[in-house]
Amino acid sequence: MQQSPDISNTLMKKRFRIGEFLAEKVITATAFLSFTFIVLIFVFVFRETLPLFSPPEPVATVEELGEQETYGDLVLTEAEQAAESKEKNKDHVDEGVTVENLAGDRWQPISGKPKYGLLPLIVGSLKVSLIAVLLAAPIGILAALFTAAFAPKWAKEALKPVIEILAGFPSVVIGFFALVVLATYVQDTFGLQYRLNAFVGGVAMSLAVIPLIFTISEDAISAVPKSLTEASLALGATRWQTALKVILPAATPGIFAAVLLGIGRAFGETMIVLMATGNAALTSADPFEPVRTMSATIGAEMAEVVFGETHYHILFLIGSILFLFTFTLNAVAEIFVRQRLMKKFRGD
Amino acid sequence: MTKTKRNILGAIAYSVPAFFALMIVAIVLYVMTTIVAGGWGSLTMDFLLGAPEEGMTKGGIFPAIFGTFLLVVIMSVVGVPVGTMTAIYLSEYASQRSVLARLIRFAVNTLAGVPAIVFGLFGLGFFIQFVGAGVDKALYDDGLLHWGQPNILWASLTMALLTLPVVIVAVEEAIKTVPRELREASLALGATKWQTIRKVVIPNSITGMLTGGILAVSRGAGEVAPILFTGAAYFLPHLPGGLSDQFMELGYHIYIMATQSPDVEATRGIQYATTLVLLLLTFALNFSAIFLRYRLRKRIIT
Amino acid sequence: MKRFIATLLLFTFTPSLFAADVITVKGSDTMVILAQRWAELYMKKNPNVTIQVTGGGSGTGISALINGTTDICNASRPMKPGEKQKLKHRFSSLGVEIKTAKDGIALYVHEKNPVKELTVQQIKDIYTGKITNWKQVGGSDARIILYSRENNSGTYVYFKENVLDDEDYAPSCQNMPGTAALVNAVSKDPNGIGYGGAAYAKGIRDVAVKADEGAPAMMPTAENVKSGQYPITRFLYMYVKSKPTGAMKEYIDWILSEEGQSIVTKVGYFPLR
């Protein structure tokens, strides 16, 4: 008699274990999806760039194909005929691409001799990101310092939702605002020649980057151990001295990570630059000239490109570069900075 | 350092950061007022519930609202369960030092940092050109495209992938607030791990899942770059009737109306009002998420 | 509210429930408004036909025709040999071309710009970067700010091949995603110049164009475009796989009829004759 509950108990356990086993496996497998998709993103974005390195299929000439049928009873005038045949006989022959071409400083993908120079696009992306981060970093970091170290409680409570609102602005809304309002304002203020330019794009982009830099910096500043702050105050330092000489240096790695992630965000953001930078593929250092960024180029050209042609693969190549760049920035911010931060506070 | 000098420095050190904090508030207010002022007049019931007319120079944005709604629903149906399970794995099953857990955590962080446009490329290269074209070849074999072209399913899946980290982070945060004692009590009473998760952890983190879902929807409704070439359409005479249809979307509508509408000045009101609708939508979503999280945090204290 | 229910009903019940014939039209964004107007009116007169119009661009439309996902493709440029080859490969037909309307590409400047006319050669030199100051073409001493369409648009390609003689645009040329953005940019830029379909907007003015130094200066008016005297004129095309029959033939014939052509004028393009 005494044995039976034990037996049933073991039986129960056994049955439960199968359920357990399945649940754990299903959950683990699902969790693994994130990793699978990172690998897939790598594979598929890079896969579409590979055909660049093999010669494209030859295309038949007009003579070989013959005339296309027409419908309707329209009779063309001589001038119209001439203009039309001139246009029809021109076909950009897909000859693939060379490394010299990619390294050039002209982006003219639709052309008798397409020029796929990536330099102006890279310069464009860097210019906008730099302007955005130069504006957003001081604002974001100092506002974070204020919130974490100085602000009275009510100010803190008021500022946090405002930041969340800013973070919640869809980028297309910021782009729209930049295109319609900001661009005119900036042009009138500085008397600029170009209404849409890298600076306008950078200012608009900083709106998207500020919340990111603010949030991570604020985290880093709040994570500075209370003991450090208290020790400093106990030694007679004022609050601002403590903030500038103790808290800020201690939070530097986190703030550094915030800036890196900010650059990554600005580099990859599409809609704002697509709408606000003028999209001219110029290679210059002037911040008030229009630029064409890498992300905007993909956004503008991918929808109408002929699938499988060199231009299509080049756009994927640009995507790969974007991906690699942001991936590296994130990895550096994550691994290097976080670990240093941990070590610093643990003291080992 | 004299005392006055120190006081002045102190005042600067205090007021400069305060000024920047105030500046952020001012920027947000300015952008919002501009958009509200520009769009309020055009925001009527007919605008919200009508279709674009006269070659998109008049009429409403109902198809775009409907498309956005459908997009985020399909996205959530796929994204929230996957995100929740990942969060449960990370916080309940994985030991923090295991290679798999660190791999997954790294993947989630990476996913959060991938530019939106790259998700768009991935959606095109993987979902449309690989999965979709593969399905066409396997099921139809008539040489025509059925699934191998942009549609709402591929756009939603792309968006689900983009918003996955948002869900994971929110759910994990919620799971963390479930007190250890509750779990231990459940385990001590003889419940197995899965039973504890099902009966104790999940019910206590429903709010977190909701928050995650809402934040994901807010993010998904606002992103345009991933759907530029995975399914959004310039104009459609009909609402999408199936998963293989294209759709109109609010954010995309703003973009095309501001840059490609036939008469940009005449449609200014439509542009502002569409922007206002999208903004109000994301605000409503974000605020409910903030509210839920606030309630959640309160629970830890009490 | 009534409007809402009407919209819902329209959306829910139109697709193929009552319609005997469904014709899908896809392609050029330049033509999407025009195609939409045609479809709306035709469906009103022939309730048994459903016509679905989507944009996406000339290239997208031609790809769709090749892939068999559309019946009619709209294109603001002629099909390229490479595309014809693909179509032949798929359907053993080169496709059938239908000219549906004419479009005059206007050059816009700011309304305060004193320059009233330009020759095609001057336009070419301006857009390739050989002329950089308005002074060189009789204007005030200011740098010329170039605006162009995005490089995926049929208009960009047409302008490049026919006005620039296939030379490259100057790199400082700002690419705008649509005619609207371009018109808007020029209207706010006293030194700007842009090109595109006929546009009526505040703040901009069309420039008269001369085919060459001795030719008369022409404005892009309906008459000048129709007669072909305006030098920068192009056709807007429709492409189908094979000679149209049945409902499709009736639709296309209607588009080419006087009634169909009268709609062309309403959306800013020009009828064939």
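Which residue of S4(C) does A:Glu69 stand opposite? A:Glu69 faces C:Val96. The model is predicted. The report starts from this pairing, then turns to the chain contacts and to chain B.

**A sheet across two chains**

A:Tyr71 also has a counterpart in S4(C), namely C:Ile98. Both pairs sit where S1(A) meets strand S4 (residues 96-104) of chain C. The two strands pair in the parallel sense, over 3 bridges. Strands of a sheet pair through backbone hydrogen bonds, either parallel or antiparallel.

The sheet that holds them is open and has 6 strands. Its order is S1(A)-S4(C)-S12(C)-S3(C)-S1(C)-S2(C). The pairing is mixed. Why is one side of S1 of chain A left without a neighbour in the sheet? Strand S1 (69-71) of chain A stands at an edge and has a single partner strand, so one of its sides has no neighbour there. Strand S2 (49-54) of chain C stands at an edge too, with a single partner strand, so one side of S2 is likewise left without a neighbour in the sheet. Neighbouring strands of this sheet are turned by 30° against each other on average, direction ignored.

Two helices of chain C lie across strands of this sheet. Helix H3 (residues 58-67) lies across strand S1 (21-27), strand S3 (72-75) and strand S12 (233-240) of chain C. H3 runs at about 160° to S3(C). Helix H9 (residues 246-256) of chain C lies across S1 of chain A together with S1, S2, S4 and S12 of chain C. H9 runs at about 55° to S1(C).

**Contacts between chains**

The contact of chain C with chain A takes 43 residues from chain C and 46 residues from chain A. Several elements of chain C each supply at least two residues to its side, among them H3, S4 and H9. Helix H4 (81-91), helix H6 (154-162) and strand S8 (174-176) of chain C do so as well.

Chain A also touches chain B. That contact takes 70 residues from chain A and 65 residues from chain B. On the chain A side, the largest share comes from helix H1 (residues 3-47), with 20 residues.

The make-up of one side of each contact is set out below.

| Side | Nonpolar | Polar | Charged |
|---|---|---|---|
| Chain A, touching chain B | 48 residues | 15 residues | 7 residues |
| Chain C, touching chain A | 16 residues | 15 residues | 12 residues |

**Chain B**

Chain B has 302 residues, and buried residues make up 54% of them. Its secondary structure comes to 11 helices and 2 strands. From the N terminus on, the elements run α-α-β-β-α-α-α-α-α-α-α-α-α. Along its principal axes, the C-alpha trace of chain B spans about 70 × 65 × 35 Å. Among contacts in chain B between residues at least 6 apart in sequence, 76% join residues at least 24 apart.

The domain assignment gives chain B domain 1 (1-42) and domain 2 (45-301). Taken over C-alpha atoms, the centres of the two domains are 33 Å apart. Their contact takes 6 residues from domain 1 of chain B and 8 residues from domain 2 of chain B. What classes make up the side of domain 1 of chain B that touches domain 2 of chain B? Its residues divide into 2 nonpolar, 4 polar and no charged.

Terms used. Residues are numbered from 1 along each chain as its sequence is written. Chains are lettered from A and ligands numbered from 1 in the order in which they are written. This is a predicted model: local features need pLDDT of at least 70, side-chain atom pairs count only at pLDDT 80 or more; totals for chains, interfaces and linings use all residues. Domain bounds come from an automatic or database domain assignment. Two residues are in contact if their C-beta atoms, placed from the backbone, lie within 7 Å. Ala, Val, Leu, Ile, Met, Phe, Trp, Tyr, Cys and Pro count as nonpolar, Asp, Glu, Lys and Arg as charged, and the others, Gly among them, as polar. Helices (H or I, at least four residues) and strands (E, at least two) are DSSP runs, numbered from the N terminus. A residue is buried if 20 or more other C-beta atoms lie within 10 Å of its own, exposed if 12 or fewer, and partly exposed in between; C-beta atoms are placed from the backbone. Two strands pair if DSSP finds at least two bridges between them. Axes are lines fitted to C-alpha atoms, for helices over the stretch in contact, and angles run from 0 to 180 degrees between N-to-C directions.
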